[in-house]
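Here is a short report on the fold of one protein chain. Keep the structure open while reading.

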Amino acid sequence: MSADSYCGMNEALRQKKALYIPQFVAGKITNKQCAALIGISTVSVSRIKKRYLLKGDGAFIHGHTGKPSHNRKFSAKDKKYIVGLYKKYFPYAPYEIFLETLKSDFKINVSYTSIYTMLDGAGMMSPKAHKPVKEKKKHLPRPERPHEGELVQLDGCKHDWFMNGHYTCIHGCIDDATHKATSLYMMENECLMGYQQNIRQTYELTGGFPEAAYTDRSEIFFVTKESLNKITIEEQLQGYEKRQTQWQKMCKELNVKTIAALSPQAKGRIERLWETLQGRLPYLFRYYGIDTIDKANDFLREYLPRFNALFSIEARESVKRWHRKQIDDVELLFSVKSEHTAKANGTFVYHGEKFRVNLPFKKFTLCVSPTIGVKAFYNGRYYDVELAEPLQDTISDSMPIVEKELIRRYFYRDGHSNLAEVR
């Protein structure tokens, strides 16, 4: 029933009381007749008669009409302050994220209904109000695994997270049994390094590795026809055949089973995670002044417990399946690796760019990761790598954007090379 129809019904009832109660008092109709005409009980008729004899026509007006409610929690000044906070820090943001921030940062305990009433009264409208009603799901969701740590889903989401037109990618890892996000890590675009950090952070958060990892079928995770075509002539001459990706090798070493999803719907839990985060993170980044990838990753680590407290569930079984694994070299395991042989002057080429390491004529492993930067691993030791010439930005550049940005930051920030300008 709408508010207008409810108010209309009350007014009609008031008019009936004003018409028939005076007739009852004058003795023109009986108590029962008056009750039947108004549509109330005889007891109510007697009670209204007493009030009419004392107040006259004022008996038909509710005693609280025009008075503020005794249950009112926020004054007009409080409401104006809350509406001002929304306009200043969360314009056009979903009301849920504004409500969460009010409770966490401003210590204002308020219900969603109250927030909706305040903002709606001020002419605001949640962006979710513009979204069309979703069609009924055609596929039932897959039941959760019973044990925490039995299966994690991984995926990347490219989005305008900073609300500045520049799209970056957050790599995410979510536990299937509890819907708990175990890692969120942002990089320029979707890449192996981002997912390696997901597994590493998951271990740091839970103390173990999952039994299985559920991903899509991209060449980051599995060998594809396209990735086989990328083998160089030198590798073909050496009889090299790419049978396993670095992701598969890492998972095999960690005793993590790799499972490929056959459709986006198959990994629906992490797809729903992105929908939830897209309605929250951009507004939180704007509110906290987060506008760089490094700041975002620092915030995401702190935000995980807060997010999981809102959206995680209990696993059906209490036994957890995270398992420990002894790792001899953590940095070597969680880095993007490639094999190279240095020339007499120590130079080597990586993705068309020239670098230098003090390992003449040695075959070594180049390791690139957000934690160690760029290092050469040889005979159980790490060696510093230098730029032999400035990095080039060309149309035919073969180096992935993520690795180029990491290499650029590593050398420019640390000053390992005197050939690159600090920006």
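Which residue is the bridge partner of Val152 in strand E2? The partner is Asp175. Bear in mind throughout that this is a predicted model.

## Overview

The protein chain has 423 residues, of which 42% count as buried. It holds 15 helices and 11 strands. Take the contacts between residues at least 6 apart in sequence: 62% of them join residues at least 24 apart.

## The five-stranded sheet

Start with the sheet that contains Val152. Five strands form an open sheet in the order E3-E2-E1-E4-E5, and the pairing is mixed. The edges are strand E3 (181-187) and strand E5 (257-260), each of which pairs on one side only. From one strand to the next, the twist averages 20°.

Strand E1 covers residues 152-159. Six of its eight residues are buried, so E1 is mostly covered. E1 has pairings with E2 and with E4. With strand E2 (residues 168-175), E1 pairs in the antiparallel sense over eight bridges. With strand E4 (residues 212-215), E1 pairs in the parallel sense over two bridges. Val152 takes part in both pairings: Asp175 is its bridge partner in E2, and Ala213 stands opposite it in E4. E4 in turn pairs with E5, in the parallel sense and over four bridges. There, Thr215 stands opposite Ala260 in E5.

The table lists these pairings, with one from the second sheet described below.

| Strand pair | Sense | Bridges | Residue pair |
|---|---|---|---|
| E1 and E2 | antiparallel | eight bridges | Val152 and Asp175 |
| E1 and E4 | parallel | two bridges | Val152 and Ala213 |
| E4 and E5 | parallel | four bridges | Thr215 and Ala260 |
| E8 and E11 | antiparallel | three bridges | Phe355 and Leu387 |

Helices also pack on this sheet. Helix H7 (residues 192-206) lies across E1, E2 and E3, and runs at about 145° to E3. Helix H13 touches E2 and E3, and its direction makes about 165° with that of E3.

## The six-stranded sheet

The second sheet is open too, with six strands in the order E6-E9-E10-E11-E8-E7. Its pairing is antiparallel. Why is one side of strand E6 and of strand E7 left without a neighbour in the sheet? Strand E6 (336-341) and strand E7 (347-350) stand at the edges and have a single partner strand each, so one side of each stays free of a neighbour in the sheet. Neighbouring strands here are turned by 40° against each other on average, direction ignored.

Within this sheet, strand E8 (residues 353-357) and strand E11 (residues 381-387) run antiparallel and are joined by three bridges. Phe355 has Leu387 as its bridge partner in E11.

## Helix H5 and its surroundings

Now turn to helix H5, residues 95-105. Its buried residues are Tyr95, Ile97, Phe98, Leu99, Glu100, Thr101 and Leu102. What covers them? The cover includes helix H4 (76-89), helix H6 (112-121), helix H12 (281-288) and helix H13 (293-311). H13 is also the helix that touches E2 and E3.

The axes of H4 and H5 come within 11 Å and cross at roughly 115°. The crossing is right-handed. H4 contributes Ile82, Leu85 and Tyr86 to the contact, and H5 contributes Tyr95, Phe98 and Leu102. By class, this contact has six nonpolar residues, no polar ones and no charged ones. Just after H5, Lys107 takes a positive phi of about 55°.

## Cysteines

How many disulfides does the structure hold? The count is zero. For Cys169, the nearest cysteine sulfur is that of Cys157, 7.0 Å away. A disulfide needs the sulfur atoms within 2.5 Å, so this pair does not qualify. Cys169 has 1% relative accessibility and therefore counts as buried. Cys367 is buried as well, with a relative accessible area of 0%.

## Arg409

Arg409 sits in helix H15 (residues 401-414). Its relative accessible area is 36%, so Arg409 is partly exposed. Arg409 and Gly373 are 36 residues apart in sequence, and their C-alpha atoms are 8.6 Å apart in space.

Key: Residues are numbered from 1 along each chain as its sequence is written. This is a predicted model: local features need pLDDT of at least 70, side-chain atom pairs count only at pLDDT 80 or more; totals for chains, interfaces and linings use all residues. Side-chain values use heavy atoms; hydrogens and water are left out. Two strands pair if DSSP finds at least two bridges between them. Axes are lines fitted to C-alpha atoms, for helices over the stretch in contact, and angles run from 0 to 180 degrees between N-to-C directions. Buried means under 20% relative accessible area, exposed over 50%, partly exposed in between (1.4 Å probe, protein chains only). Contact means heavy atoms within 4.5 Å. A crossing is left-handed if the near helix is turned anticlockwise from the far one by less than a right angle, and right-handed if clockwise. Ala, Val, Leu, Ile, Met, Phe, Trp, Tyr, Cys and Pro count as nonpolar, Asp, Glu, Lys and Arg as charged, and the others, Gly among them, as polar.
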